[in-house]
Amino acid sequence: MLVAGFPADAFGTNCYVVAAAPGEQCVVVDPGIGVIDRLDALLAEHRLHPAAVLLTHGHLDHTFSVAPVCGARGITAYVHPDDRELLADPAKGLSADLAQLFGGRLPYAEPEDVAELADGKTLTLAGLEITVDHAPGHTGGSVLFRLPGAGSPWEAEQVCLSGDVLFAGSIGRTDLPGGSMPTMLTSLREKILPLADDTVVLPGHGPATTIGRERATNPYLLEVAELDGGRPPAPTRGL
């Protein structure tokens with residue numbers, strides 16, 4: 001399996017491509033702001049042909065380039081229905097300050113072909129079997145994408161593209177429209193903690209990590225696991 005990625009120009013949002021092998025079809029995950037040229041170069045380097053775009057959630061820093069990536073190739077964008085409206089109107093997911101910052105300054109278009117993701121379903125795309133886990137909290141429609149890690153650069157049992165649910169050492173912020181800390185903690189308890197320790201986590205921002213490392217050191221997972229009543233500092237990463 002081939003997994004490659006790079007941070008976008010804005011907010012350091014990680015854009016990934018995943019394929020069964022070089023020279024094959026692939027999926028593109030979270031094409032954010034200013035990624036087109038580097039994405040095209042990455043696809044050319046590995047001779048990859050996108051079959052779909054997968055969105056971990058609907059925030060603009062993860063979706064900005066979805067329309068041009070899909071439109072240039074006639075492919076479908078996949079998003080959870082609870083974040084579907086953010087593809088039509090990204091401002092609904094922004095704070096007042098961010099909406100004012102972005103308002104009218106970045107041209108944005110909704111992709112023509114959008115399919116909705118369902119919790120627990122497995123997508124068969126580009127020769128990959130990708131399981132979808134609905135994990136709200138950062139947004140109402142945040143999801144995890146899980147797939148077998150055999151043959152990946154890490155030779156792990158499983159790889160999880162976690163979007164802004166889980167980062168190395170932190171989690172996604174919950175103070176934007178659609179966010180909820182209690183809901184996020186439930187998602188961590190029900191969707192993150194049950195994953196195997198050797199699961200490789202590819203987050204929406206920052207470096208890769210593992211579930212075992214986060215289980216042992218991430219203050220939010222420690223809070224959920226230990227139920228000690230403590231509250232770590234409010235998370236701030238992501239849009």
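One open sheet in this structure holds 6 strands in the order 7-8-9-10-13-14, with mixed pairing, where two strands pair if DSSP finds at least two bridges between them. This is a predicted model, in which local features need pLDDT of at least 70 and side-chain atom pairs count only at pLDDT 80 or more, while totals for chains, interfaces and linings use all residues. Residues are numbered from 1 along each chain as its sequence is written, and side-chain values use heavy atoms, leaving out hydrogens and water.

**Sheet 7-8-9-10-13-14**
- Strand 7 (122-125) and strand 14 (209-210) are the edges, each with a single partner strand, so one side of each has no neighbour in the sheet; strands are DSSP runs (E, at least two residues) and helices likewise (H or I, at least four), numbered from the N terminus.
- Strand 10 (residues 158-163) pairs with strand 13 (residues 200-203) in the parallel sense over 4 bridges, and Gly-163 has Pro-203 in strand 13 as its bridge partner.

**Sheet 1-2-3-4-5-6**
- A further open sheet of 6 strands, also with mixed pairing, follows the order 1-2-3-4-5-6.
- Strand 5 (residues 76-79) and strand 6 pair in the parallel sense over 3 bridges, with Tyr-78 opposite Ala-115 in strand 6.

**Contact of helix 6 with helix 8**
- Helix 6 (residues 181-192) packs against helix 8 (residues 219-226) at about 80°, with axes 10 Å apart; axes are lines fitted to C-alpha atoms, for helices over the stretch in contact, and angles run from 0 to 180 degrees between N-to-C directions.
- Residues meeting there (heavy atoms within 4.5 Å) include Leu-185 and Arg-189 in helix 6 and Tyr-220 and Glu-223 in helix 8.
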